[in-house]
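Trainee: I should like to learn how to read the packing of helices in a model. May we work through one case together?

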Amino acid sequence: MIIRKEFLSTMKDPKTKAILIAPVIVQSMIFGYVASYDLNNVPYALLDLSHSRESSELVAKIDGNTAFERVRTLANSTEIAEVIDAGEVLLVVTIPPNFSQSLLKEKAAPIQVITDGRNTMTASLASSYVGQIVGNFNAVRNPKLNAVTVETVSWYNPNLETRWNFLPVLMIMLSLVQVLMLSGLSVAREREQGTFDQLLVTPLSPLQILIGKAVAPVVIGIFQATLVLIICQFWFKIPFAGDFFSLYLTLFVFILTCVGIGLSISAISQTMQQVMVYCFVLLMPMVLLSGMATPVENMPEFLQTVTYANPMRFALDSVRRIYLEGCTISDVAFNFVPMLTVAAITLPVAAYLFRNNIE
């Protein structure tokens, strides 16, 4: 009888049924489409200084591979920095002027592959793909000679150390988890303890309540991000190429956005258990759709559009570029637009819900 009662009480609540079913479907679909290290349509740029029949044959093999998509054809080496810094391409293939002559004389003919080392996993995979194509090219021409070789250079992370890629991002990850939970539990905890009604009858306005609830999570989030930054620099010796103002402004805007989301969740939740369930349901898609492990460009177009509503995507991109590349606020200014948009929506929504509670 007790077992039957528990099943009935669980399934009778429409919100509980939705939480039991919807996250399973959503997260399964997201994992299926996003959590993949198979690269498709990798954007690359070509700098062919040889302009020979042999270089055209090699380029045709690269273009014919479904993993690569040529988005730029460069005229000179000065354009390489532009396309990589802007994140327009993942790699640049450079064929030297003496490529054809070296092959005809059966000498070594190296080609240069410059990869964007800010994402170590995708850079390594893309380089290996180019190596496979070059290996097939050598097998067709002269399998014993293997004249064409690949010389790989990775910018912003020369040794492609995965620690350089993931540890700076941990500042964003911890801020998301901790701040979302702290701000989300703030109102629900007071509801359970019975002190929220006392707060509502005080002379404080909804805006003042909102600010009071937001300050502590913001300060804690900044403090935790600072601890991660100290560990990255002084323990793991990951060089910091940017400036602290740009980094902390990015962290502040992102944490403010997380507070807005957390307070909105808290305002619609009656218990701390509901807050934790809502946060769990929200956290997994935000992390998967952020490009933390797999590139956003490798996701289906529909999901790429959905990521514009995910502030973590833009905070993560900004922190990586500021920390490893040395970008300034002007270089990552566009990333602030989606984050501020989410904050401008969620914070007023939380204040509106507080006002309704007052009334």
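Mentor: We shall begin with the overall picture and then turn to one helix pair and one residue. This is a predicted model, in which local features need pLDDT of at least 70, side-chain atom pairs count only at pLDDT 80 or more, and totals for chains, interfaces and linings use all residues. Residues are numbered from 1 along each chain as its sequence is written, and side-chain values use heavy atoms, with hydrogens and water left out.

Trainee: How many helices and strands are there in the protein?

Mentor: Helices (H or I, at least four residues) and strands (E, at least two) are DSSP runs, numbered from the N terminus. The protein has 14 helices and five strands.

Trainee: How are two packed helices described?

Mentor: They are described by the angle between their axes and the distance between the axes. Axes are lines fitted to C-alpha atoms, for helices over the stretch in contact, and angles run from 0 to 180 degrees between N-to-C directions. Here, the axes of α10 (residues 244-268) and α11 (residues 272-288) come within 9 Å and cross at roughly 145°.

Trainee: Which residues in α10 and α11 meet?

Mentor: Contact means heavy atoms within 4.5 Å. From α10, Ile261, Ile265, Ser266 and Ile268 meet Gln274, Val275, Tyr278, Cys279, Leu282 and Met286 of α11.

Trainee: Is Met121 buried, partly exposed or exposed?

Mentor: Buried means under 20% relative accessible area, exposed over 50%, and partly exposed in between (1.4 Å probe, protein chains only). Met121, found in helix α6 (residues 120-141), is partly exposed because its relative accessible area is 30%. Of the 359 residues of the protein, 46% count as buried.
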